[in-house]
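Let's take a walk through this protein, starting at one residue and working outward. Keep the 3D view open and turn it as you read.

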Amino acid sequence: MADDLDAPRRATSWPFTRKGTAESVDTDRSKKNRTGPETWSFNFDVVETLLRDLAKDTPAQVDFFAAFQKKLAAPLLSKKETNEPQGHFFTLSTCMTRLEVHVQVAGMDPDDWKDAARKFLEKGCGLGDQREVASCLRRLEHAILCDPSGDDMVGWRAGHGEEEAHEVETRRSSVSRSRTRRARHGEAVTAFYVWCVLDGMGTTEPFVDAGFSFEWGSERLPVEWSALEMLMPPSDDVDVLLDYAMAEQACIKAKSYSCSLMPAAPEHTLQFRLKDSRAATMHGLLFFKCLDFPQPHRRLLSKLAGARQNEVHVVASFGAKGLTRLTLRLHGISVGMPKELSQVIPDAQYAEQKIEQLKRILQQQGEGSDLKSTHPTDLKDFDFTSSQSDGEAEVMEPGLIEFSAVSAKNGGNGFLLSLGFREH
């Protein structure tokens, strides 16, 4: 008899329908007593401490993160108003090989962003080819000039070459002023991020990436689907994604756009928020089905669909050849859910000891501890516990989890679980 955790079946046997119903999937989730994300004080020291342990065998990744922090994030953070809401977060895979850091920065001033991006590429990454630098900056400028509300849209598609540059140039002033004004007033773009990805930490195939994100949240200026299509590289996978999202737009809202700044195989990413409902997680899983991912085992589907959450997001990344990675992001998950999910994901690893240590580190950070004064050699030396009257250690629970898969055309062969910690 086949084991319950055998290799997943193809997407044709997924139990979900387009209407969000399911066969034998537990969706009876009460909103009562739901555990929301804890708060913590974002500090690069936490990430640096993680990297000293997790990426000690891949020091180039540590250097790359330092360049990201000093040349890209810090200059834009310094311009951020103190009364703006905080939104920094990072995610770490339960196997401790993939780390993503997202830093909310100041509003869109095109000159500030281009200047920081240029210094990061030239001085931080050592990119000496000015043609490559110009190409990377052009992607940033394209995103700045494209109005997601559909007004003043420039006739280009992301990834096109020099032939469209003159059209962008002729309309740069008026569109840039319009976009900047909207961004500053929160009319179209409501949050700005820079991000860094370190994948394959401690393995023989390390990977790095960094880029920017724009988040949309205006009800008065909703995002046009035509604008989303213009932001993405042309591919059949993008068409499939947008066709599905448009057909289900009553329960799906475009939330953000991200793009890599790096010259090699840049990724473009769209994030969607699912309407709050009992079926929100199932609607998110249907993205995997429509993009032809293999079906996870029914036990895993049941765990995901039954997980308590406050928000559900879907994050889809695309490269020149189409879909690269698809992620289901659940916010406000219940205590213990990450470990339970790891037990029903084939070949999943759950580094429990280090995860518990990380929670304690963040709890200590949130209580005002000076992390610099207690830096250990690596993460294994941490033993932070918060004393309470009942004698039990208080640890911080993650604010979100990510269930993701890499497209088969990019070598994907399974599912990855990540924990996320967010500052609110």
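Start with Ser 260, which you'll find in strand S5, residues 252-260. Keep in mind that you're looking at a predicted model. How buried is Ser 260? Its relative accessible area is 0%, and buried means under 20%, so Ser 260 counts as buried. Its side chain reaches the backbone nitrogen of Met 262 at 3.0 Å. Leaving aside residues up to four places away in sequence, Ser 260 touches Arg 139, Trp 195, Asp 209, Ala 210, Gly 211, Pro 266 and Glu 267.

Now follow the chain past S5, into the loop that leads to strand S6 (268-274). Ala 265 is found in this loop. Here the picture flips: with a relative accessible area of 70%, Ala 265 is exposed. Take a look at its backbone, too. Most residues other than glycine have a negative phi. Ala 265 isn't a glycine, yet its phi is positive, at about 45°.

There's another case of this in Asp 292, whose phi is near 65°, again a positive value in a residue other than glycine. Asp 292 has its place in the loop between H9 and H10. At 45% relative accessibility, Asp 292 counts as partly exposed.

What about the two helices on either side of that loop? Two packed helices are described by the angle between their axes and the distance between the axes. For helix H9 (residues 280-290) and helix H10 (residues 298-305), the angle is about 135° and the axes are 8 Å apart. That angle falls outside the ranges for roughly parallel, antiparallel and perpendicular, so H9 and H10 are oblique to each other. To find where they meet, pick out Thr 281, Met 282 and Leu 285 in H9, and Leu 301, Leu 304 and Ala 305 in H10. Sorted by class, this contact has five nonpolar residues, one polar and no charged ones.

Next, go to strand S4 (residues 207-216), where Glu 215 is found. Is Glu 215 buried or exposed? Its relative accessibility is 15%, so Glu 215 counts as buried. Its side chain has a partner: a polar contact of 3.4 Å joins Glu 215 to the side chain of Lys 255.

For buried residues in a helix, try H1 (residues 44-54). Nine of its 11 residues are buried, so H1 is largely enclosed by the rest of the structure. Among the buried ones are Phe 44, Val 46, Leu 50 and Leu 54, and also Asp 45 and Asp 53.

Then there's the largest nonpolar core, with 101 residues. Which of them touch the most other members? They are Trp 113, Phe 214 and Phe 272. Helix H2 (residues 59-77) gives the most to this core, with seven residues.

One more loop is worth a stop, the one between helix H7 (225-231) and helix H8 (236-247), where Pro 234 lies. At 44% relative accessibility, Pro 234 counts as partly exposed. Its C-alpha atom is 9.4 Å from that of Phe 318, although the two residues are 84 residues apart along the chain.

Finally, zoom out. The protein's secondary structure comes to 12 helices and 10 strands. Of its 424 residues, 53% are buried. Among contacts with a separation of 6 or more, 74% are between residues 24 or more positions apart.

Note on methods:
Residues numbered from 1 in each chain as written. Predicted model: local features only at pLDDT ≥ 70, side-chain atom pairs only at ≥ 80, totals over all residues. Heavy atoms only, no water. Helix = DSSP H or I, 4+ residues; strand = E, 2+ residues; numbered from the N terminus. Buried < 20%, exposed > 50% of the residue type's maximum accessible area, 1.4 Å probe, protein only. Polar contact = N/O pair within 3.5 Å; in protein donor to acceptor, adjacent residues only side chain to side chain. Core = buried A, V, L, I, M, F, W, Y, C linked by side-chain atoms within 4.5 Å. Axes fitted to C-alpha atoms, helices over the stretch in contact; angles between N-to-C directions. Parallel < 35°, antiparallel > 145°, perpendicular 65-115°, else oblique. Contact = heavy atoms within 4.5 Å. Nonpolar A, V, L, I, M, F, W, Y, C, P; charged D, E, K, R; others polar.
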